[in-house]
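Hi there,

Here is the structure I promised to pass on to you. Please have a look at it first, and then read my notes underneath.

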Amino acid sequence: MDFPLFFMDEIGNRLLMAVIAIVHVLINHPLAVGAYPLVTLLEWWGRRNNDAAIDNLAYRVAFVLFVVTTTVGALTGVGIWFSAGLIAPFGIGSLLRVFFWAWFIEWLVFISEVVLIMVYVLTWKRWADGLMKKVHIGVGVLLSALSWATMVIIVAVLGFMMGSGTWTQNQSFLSAVFNPLYLPQLAFRTAFAMVAAGLVVWFLMFFFTKQAPELRRRAVRFVSIWILGWTPLWLGASLWYWNAVPAAMQANVNVGLLTQAFQNWHSDFVVILGVVVAIILVTAVVGALNPRLIPRAVLLVPCVLGLFLLGHFERVREFIRKPHVVADYMYSNGVTMTELPVFQRDGLLTYATYVRHKSVTSANKIEAGEDISMLACSRCHTTTGVNALVDRFEKLYGTEPWDEAALGAFVSSMHMSRTYMPPFPGNTAEAEALVAYLRDLQQKRGSAPGAQTLGIPRAAAVDNNANVNQ
Amino acid sequence: MNTLLSLIKTPVPRDLSLPLPLNPDDLAIILVVLFLVHIFFVNLMMGGVILSVIFEIVGKYRKEYDQLAYRISETVTANKSLAVVLGVGPLLCISLLYTMHFYAANALTGYAWISVIPLVIIAFLVTYLHKYTWHKWTGPDKNRHIALGVGAVFVFMGIPMIFLANINLMLFPDKWPEIQGFFSSLEVGNVFPRYFHFLMASLALTGLFLAGWFGRKKYALEKNLPGCNRGSVRRIFYRITFYATIAQLAFGPLVFATLPIGGVTTDLFILISLGVAVALLLLALLRLEIRSGDEHIGRHYAWIGLLFTVLVLVMGTGRHMYRESSLMTHKALIADKTVRFKSVEAATQMRLAAGLGTGDALASGPTGKSLFANCAACHAVDKVLAAPSLREVYGIYKDNPQGIIAWAKEPGKKRPEFTPMPSFAHLGDENLQMVADYILQLGAPAAETESSDTPAKL
């Protein structure tokens, strides 16, 4: 955790990560993993029936996929690396040391995927007949397989963050990969991608079939059947995941406060799932029987609901992961479980490099408290913005000046009362300094700039180094 | 004395504790090779975008250059995507090999660093728009089309500056304390000379690539570039490579001269001189090619390509040698600090395993008093913090300690003025029993004397 800390007070670091990751999933699942097999199938169907109009339609959809996946899709994927490196360098740095080879292989697959996307789209018109058309369809099949393969690898890493299984004992790569939520999660994402791809491709096709109602009818029926085929699998995979979660929860965390939130989540999930599946089924059945009845905008409703479900589903990750960033090894603030007792005995500041003060004195108490807050709290909390320290405590203690003793007790026991929070990683003097800072923050409501604007923290009083230099 | 002072100032962080997944020397070789492959496509992307727009402008006056410009933009489509995907591998390698340096530089230039993502997205989308409107925005719309291309070039030109600032800043930990935001990082080291060196390299490599791409026998020149002949196309691009390489004879020494001296070693000097010799040989060959007639031009293409590969390998290796030697001391200091911390950590773990506590206090089992620490954030004896006082709790539960346990395991929500109490089921019945007894003892009116002992004192 010994890094200069990038920190966006106000909107919060987590929002940056969330925006990039959501956009990426939004493109990756429906437009890459799901849509390439669908378009390839459409191309194959067009060739079988000697249907040039269907082939041309498949090409136009593929072109849209090409533009979106090679720009926003690919770059948000890279963006996850960038934002993780800024927000939690200790977490991503540690995961990289465990999963280097998995990511390396995933990278090779990713390169092949991008090359094949370009070959698939850019040769469509040239490889149009006879054997070359067959080769072209083969490229589509391979591309579909590779997009799915990247998902297979990444889900392993995500699953690992939730529950490291036996990894903490033997630190082996394979035991990290095969954790209990792996297969259900993979099945859920795959089937969701397929269904959502159907809906998005359906939506896109409307733009390319304005003057061709007959073509639209055929194409919509084709996609409806695709959706109808995948929906039961998606439903099954969702229930599988839903059933696998409680066991994983119990194995990983002291449920505590989470119980209630989780139970709400667990029952909400089934309701949302039911509604989404029902809407999709109705749309697809009507689409298959009488495509003209479906207005374009309706198509995106199940898609958005599906994404909402996926988001709801991602919350499980948050439930299970916390208070860790790497399960059973490292807390969300970068403190590892073996570092914790050392910091609690000797002090967090003692071993920190990018702080203004190495120990708490009566003169530097508030500044030292701010340093501690930056190290221990800022990965999840802002001062006064999103998930703000001030809001959290005002909710608990009200707007009157907070009680010093109560805050002190909260800091030392937060991991017991809020089991999703890590234990305070400092000694008694540092807990007192943090309390002093929080009480000061309640009054002043100042903000804490991160390393990207402030640079490495400097003591306000005297800059010793500046004196030495002269 | 200066080095000593800068060492005092230099932040020395503690490394992550997990081991690297492979030997650092092997990782370094993988890094250099993967980086060179990545930068090759970055060069072709940058050079392609710049040349395409310049040729399009020339094409307003000479028709065949517009054709050529369009064909160049076609190559950018593939090269720019390869540049991005091939960048991930070296990104992972550099994050592993220089964890403490790379992430530090990223954080210190944070806003600029993360804006690489939207900038590249914009640059790519504008480039697609530029390419796919080429034959639509013609005639009166041509100027608008050119403006679009120029816009894309400007976005593209900004991105390498951010990357250079980062890999430059990571080399100078002694300067980190002075950095306040991206723009101040540009004052460290020699970002600007390296930037121009990079731009020239992009033009040189793209020239060479295009001379081969359009000049190869299988390229349908008559169909794609009507009115051009193979020899003249080859000559155009060879010239670009030639003049860009001449310019490197100025920029190269400038980069070398502005390198902070810390990492310059004799080996590095010899290697760079070797690079310069290869570059001179290259120039001679290029001149020979440019002066040959249409039927002979291109004979030495393979040799030129080979020499360029050697040149790029030499320069890439030199880069890595400089990086290693300038960070050698700092890396050793980090390793030392990490090892020292690990020994403290291991000793603490041993004490804990032996049941000795962490060393500052004797370990003892939980007591009602120690467990009450978990409650004291909200409950005080006769004060309302964020929940009923213990006096009140005593009033309700004085004959029913089991009621406290049941409530603590599954709290309800009775009072609208308070945040609901979290469950403490994870403490277990035995501990909850102890804490319940302690609560009733503290809350009892008879316990006046003990209540002066504030529960928050832990």
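Below is what I found, going from the domains to the salt bridges, the cysteines and the surface.

Please keep in mind that this is a predicted model.

Let me start with the domains of chain B. The domain assignment splits chain B into domain 1, covering 22-343, and domain 2, covering 368-451. Taken over C-alpha atoms, the centres of domain 1 and domain 2 of chain B are separated by 67 Å.

Next, the salt bridges. The search over all chains turns up 27 of them. Two that I would like to show you run between the chains. In one, the side chain of Arg97(A) meets that of Asp15(B), with 3.2 Å from N to O. Arg97(A) sits in helix H3 of chain A (residues 89-122), while Asp15(B) belongs to the loop between helix H1 (2-9) and helix H2 (24-59) of chain B. Arg97(A) counts as buried because its relative accessibility is 7%, under the 20% cut-off. Its partner Asp15(B) is partly exposed, at 25%.

The other pair is Glu339(A) and Arg14(B), whose closest N and O atoms are 3.4 Å apart. Glu339(A) is in helix H11 (residues 339-346) of chain A and Arg14(B) is in the loop between H1 and H2 of chain B, so this salt bridge also joins two chains. Both Glu339(A) and Arg14(B) are buried.

There is a salt bridge inside a helix too. Asp66(B) and Lys63(B) pair up at 3.9 Å, N to O. Both residues are in helix H3 of chain B, 3 residues apart, which is about one turn of the helix. How do the two partners sit with respect to the surface, buried or exposed? Asp66(B) is buried, with a relative accessible area of 8%, whereas Lys63(B) is exposed, with 60%. In chain A, a network of salt bridges links Asp51(A), Glu214(A), Arg217(A) and Arg218(A).

Helix H3 of chain B, residues 63-97, also holds Asn79(B). This asparagine counts as buried, at 6% relative accessibility. Leaving aside residues up to four places away in sequence, Asn79(B) touches Phe41(B), Leu44(B), Met45(B) and Phe209(B).

Now the cysteines. How many disulfides does the whole structure contain? The search finds 0 over all chains. Cys380(A), for instance, is in no disulfide, and the nearest cysteine sulfur, in Cys377(A), is 9.0 Å away. Cys380(A) is partly exposed, at 27% relative accessible area. In chain B, the sulfur of Cys375(B) has its closest cysteine sulfur in Cys378(B), at 9.0 Å, which is too far for a bond, because a disulfide needs the sulfur atoms within 2.5 Å. Cys375(B) is buried, with a relative accessible area of 17%.

Last, the surface of chain B. Tyr243(B), Ile246(B), Leu249(B), Val276(B) and Leu280(B) make a nonpolar patch of about 440 Å². Helix H10 (230-258) and helix H11 (266-291) of chain B each give two or more residues to this patch, and H10(B) gives the most, with 3 residues. Tyr243(B) lies in helix H10 and is exposed, with a relative accessible area of 52%. Leu249(B) is in helix H10 as well, and it is partly exposed, at 36%.

Happy to talk any of this through with you.

Best wishes

Notes:
Residues are numbered from 1 along each chain as its sequence is written. Chains are lettered from A and ligands numbered from 1 in the order in which they are written. This is a predicted model: local features need pLDDT of at least 70, side-chain atom pairs count only at pLDDT 80 or more; totals for chains, interfaces and linings use all residues. Side-chain values use heavy atoms; hydrogens and water are left out. Domain bounds come from an automatic or database domain assignment. Helices (H or I, at least four residues) and strands (E, at least two) are DSSP runs, numbered from the N terminus. Buried means under 20% relative accessible area, exposed over 50%, partly exposed in between (1.4 Å probe, protein chains only). Contact means heavy atoms within 4.5 Å. Patches are made of residues with over 30% relative accessible area and no salt bridge: like charges are joined within 9 Å, nonpolar side chains (Val, Leu, Ile, Met, Phe, Trp, Tyr) within 5 Å. Accessible areas come from the Shrake-Rupley method with a 1.4 Å probe; for residues, only the protein chains shown count as cover. A salt bridge is a side-chain nitrogen of Lys or Arg within 4 Å of a carboxyl oxygen of Asp or Glu.
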